Amino acid sequence: MIDVDADGVVEFTQALVRIPSTNDPGRRERAAAELVAAKMREWGWEPRVYEVAPDRPNVVAVVEGGGGDGPTLMFEGHTDVVTEGDLSTWTVDPFGGEIRDGKLWGRGSADMKSGLAATLYATRALQLAGPFPGRIKVCALADEEGLMLGAHHFVSEGLAAGVDGAIVAEPEAGEICAVAKGALRLRVDLTGKMAHGAMPQHGRNPIQAVGPLLVGLRSLQEELQRRHPAHEHLGEVYVTPTVLQAGSEPQVNVIPAVASVFVDVRTIPGAEHKEIADRVAALASCDGIAAEVSVLVDRPPVDVPVSEPVVAALAAAHRAVTGEEPVYGGVPGSTDGTVLTHWGGIPSVVYGPGGKWIAHQADEYVEVAEIVRCTRVFAEAARRFLNGDH
Ligand SMILES: [Zn+2]
């Protein structure tokens, strides 16, 4: 078993949690990214810092094994966290990094500063254990919780080229998640003709086109659920209207010109986003109202086979370190792994310390023992993947 610095990884997680790198204007990721880069330099690594947007750097270090030719493994974490929200819902300081009852508390403790710390300390442990084939690319990216600007920038800079597999350290409660749900967000603008409420015959009311559209979205969901039976790890396809905008209260005597419906579509492998967007556009065009569908977010589902070397190495490492059979699961949302797999061509798998449902909640925490255990699994997974032993 590779020897990891158990105290070091926990202390580094605390230090990261104490930096409020929320995905908000005014806070941002810079200080957290600088702490990561400083730790890398302390170990003699040579991180490169890429300015994705102002105060939003990506940090990437390539650690050569010095043990001859071999594959390239990528470890990925993100430095941003979601906002702490209403402080009165917390019983601990969200940026205190306090350890109590065997748990490390705070915003980002699970999602995913502990996972990010584990990737660094696992790589360091493997490096200290002696030469290994190939190399590890350790990446701390910005804006996972937003538009995933960091992951997109990483790919567009050409940094995904030559990477053979990626482990994304999101909190998945010890499950090995090689599949992830897709997300498609649509905005439907229905344009009619504005008129006085007393003379509706002179207008075309887009609000009345919303009703049939909502009914149609429900039928489309039922049809998609029939055509794509529930996935064992990802569940059903959902087509959910989430926002309605039309008219305004002081204008109760006016037929508005435009009504907008926003739709959050969650897909499983096999469901085609282009087809779904076209179907929504067809549903929206009725009653002489012009409809325009804009795609706001398009993140396809991820479906990496468990036989893929990076998944197999991780599963073997999980078994070796924990003594337990690996449990396979799915990611309910999308992660940077979605971007890396679809646009970067890197087979990715998501696995990391922390519970699946604790992310983004008040009193977020991670079990301290889980951070250390995950660091050991990462080190062992890297060893196996780079040596072709899985
Ligand atoms: Zn995350």
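Q: Which residue of strand 5 stands opposite Arg-100?
A: This is a predicted model, in which local features need pLDDT of at least 70, side-chain atom pairs count only at pLDDT 80 or more, and totals for chains, interfaces and linings use all residues. Residues are numbered from 1 along each chain as its sequence is written. Strand 4 and strand 5 (residues 103-105) run antiparallel and are joined by two bridges, where strands are DSSP runs of E of at least two residues and helices runs of H or I of at least four, numbered from the N terminus, and two strands pair if DSSP finds at least two bridges between them. Within strand 5, the residue opposite Arg-100 is Lys-103.

Q: Which strands stand at the edges of the open sheet with the order 4-5-18?
A: The sheet has three strands, and their pairing is antiparallel. Each edge strand has a single partner strand, so one side of it is left without a neighbour in the sheet. The edge strands are strand 4 (99-100) and strand 18 (365-367).

Q: At about what angle to strand 18 does helix 9 run?
A: Helix 3 packs on the sheet and touches strand 5 and strand 18 (contact needs C-beta atoms, placed from the backbone, within 7 Å), and its direction makes about 50 degrees with that of strand 18. Angles run from 0 to 180 degrees between N-to-C directions, and axes are lines fitted to C-alpha atoms, for helices over the stretch in contact. Helix 9 lies across strand 4, strand 5 and strand 18, and its angle to strand 18 is about 65 degrees.

Q: Which residues of strand 7 are buried on the side opposite Gly-165 and Ile-167?
A: In a regular strand the side chains alternate between the two faces of the sheet. Strand 7 (residues 165-168) is covered on both faces, buried meaning 20 or more other C-beta atoms within 10 Å of a residue's own, exposed 12 or fewer, and partly exposed in between, with C-beta atoms placed from the backbone. With Gly-165 and Ile-167 buried on one side, the buried residues on the other are Ala-166 and Val-168.

Q: Which residue of strand 17 stands opposite Ala-166?
A: Strand 7 pairs in the parallel sense with strand 3 (residues 72-78) over four bridges, and Glu-76 stands opposite Val-168 there. Strand 7 also runs parallel to strand 17 (residues 348-350), to which three bridges join it. Opposite Ala-166, in strand 17, is Ser-348.

Q: Between which domains does the largest nonpolar core lie?
A: This core, a set of buried Ala, Val, Leu, Ile, Met, Phe, Trp, Tyr and Cys residues joined through C-beta atoms within 7 Å, has 110 residues, of which Ile-167, Leu-314, Val-349, Phe-378 and Ala-382 touch the most other members. Helix 9 (residues 368-387) gives the most to this core, with 11 residues. Two domains, with bounds from an automatic or database domain assignment, both give residues to the core, so it lies between domain 1 (6-180 + 302-387) and domain 2 (182-299).

Q: How many other C-beta atoms lie within 10 Å of Val-17?
A: Val-17 lies in helix 1 (residues 6-17). Leaving aside neighbours within four places in sequence, Val-17 is in contact with Phe-95, Gly-97, Gly-106, Gly-108, Ser-109 and Lys-113. Val-17 is buried, because the number of other C-beta atoms within 10 Å is 28.

Q: At roughly what angle do the axes of helix 5 and helix 6 cross?
A: Two packed helices are described by the angle between their axes and the distance between the axes. The axes of helix 5 (residues 207-227) and helix 6 (residues 273-284) come within 9 Å, and they cross at roughly 145 degrees.

Q: What is omega for the cis peptide bond between Asp-111 and Met-112?
A: Most residues other than glycine have a negative phi, and most peptide bonds are trans. Met-112 has its place in helix 3 (residues 109-128). A cis peptide bond joins Asp-111 to Met-112, and its omega is about -10 degrees.

Q: Is Met-148 buried or exposed?
A: Met-148 lies in the loop between strand 6 (135-141) and helix 4 (149-156), and its phi is positive, near 60 degrees, although the residue is not a glycine. With 24 other C-beta atoms within 10 Å, Met-148 is buried.

Terms used
Contact = placed C-beta atoms within 7 Å.
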